[in-house]
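Biologist: Could you take me closely through one strand residue in this model, and then set a few other positions beside that residue for context?

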Amino acid sequence: MAKGWESLAQQARENTYRAWITMRTTPRPTIETPRHHRLKGALAHGTHRGQTCEQWQIEVTGGGRVWYLLDTANDTCWITFAGTGHPRATDRR
């Protein structure tokens, strides 16, 4: 599990569990929502083991987020970030 997952689960156990279920059942939703959407710009993609994948975000709490790579070739999600605070990488300058 990604660093920060346990802290997120301690802060919002039910919401973190729902995020996990979502990643397993509907990692690429038909309709994106403000709480579950693909990241944009330079964050829209990430690489895992040499493969470029779409990067998605689930808002677990007001500040807590889970980011994951959607590896469609292996039908797998790779968690890249889990944290109780809003990730600084998405802050606009």
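**A close look at Q55**

Modeller: Q55 sits in strand β3, which covers residues 51–59, and please keep in mind throughout that this is a predicted model. With a relative accessibility of 7%, Q55 counts as buried, because the limit for that class is under 20%. The side chain of Q55 has a polar partner: one of its polar atoms lies 2.9 Å from the backbone oxygen of L43. L43 also appears among the residues that Q55 contacts once neighbours within four places in sequence are left aside, and that list further includes R38, L39, A44 and H45. The remaining contacts of Q55 on the same terms are W67, Y68, L69 and T80. Of these, W67, Y68 and L69 carry numbers that fall within strand β4 (65–71), while T80 falls within β5 (76–83).

A second buried position, this time in a helix, is T16, which belongs to helix α2, spanning residues 13–25. Its relative accessible area is 2%, so T16 is classed as buried. Not counting residues up to four places away in sequence, T16 touches W5, L8, A9 and V60. For a sense of distance along this part of the chain, T16 and P34 are 18 residues apart in sequence, and their C-alpha atoms are separated by 16 Å.

The loops on either side of this strand and further along offer two positions with an exposed setting. R49 lies in the loop that joins β2 (45–48) to β3, and at 73% relative accessibility R49 counts as exposed, because the class begins over 50%. D75 is placed in the loop between β4 and β5, and its relative accessibility of 75% makes D75 exposed as well.

The backbone at these two loop positions deserves a careful look. Most residues other than glycine have a negative phi. R49, although not a glycine, has a positive phi of about 50°, and D75, likewise a residue other than glycine, has a positive phi near 50°.

Key: Residues numbered from 1 in each chain as written. Predicted model: local features only at pLDDT ≥ 70, side-chain atom pairs only at ≥ 80, totals over all residues. Heavy atoms only, no water. Helix = DSSP H or I, 4+ residues; strand = E, 2+ residues; numbered from the N terminus. Buried < 20%, exposed > 50% of the residue type's maximum accessible area, 1.4 Å probe, protein only. Polar contact = N/O pair within 3.5 Å; in protein donor to acceptor, adjacent residues only side chain to side chain. Contact = heavy atoms within 4.5 Å.
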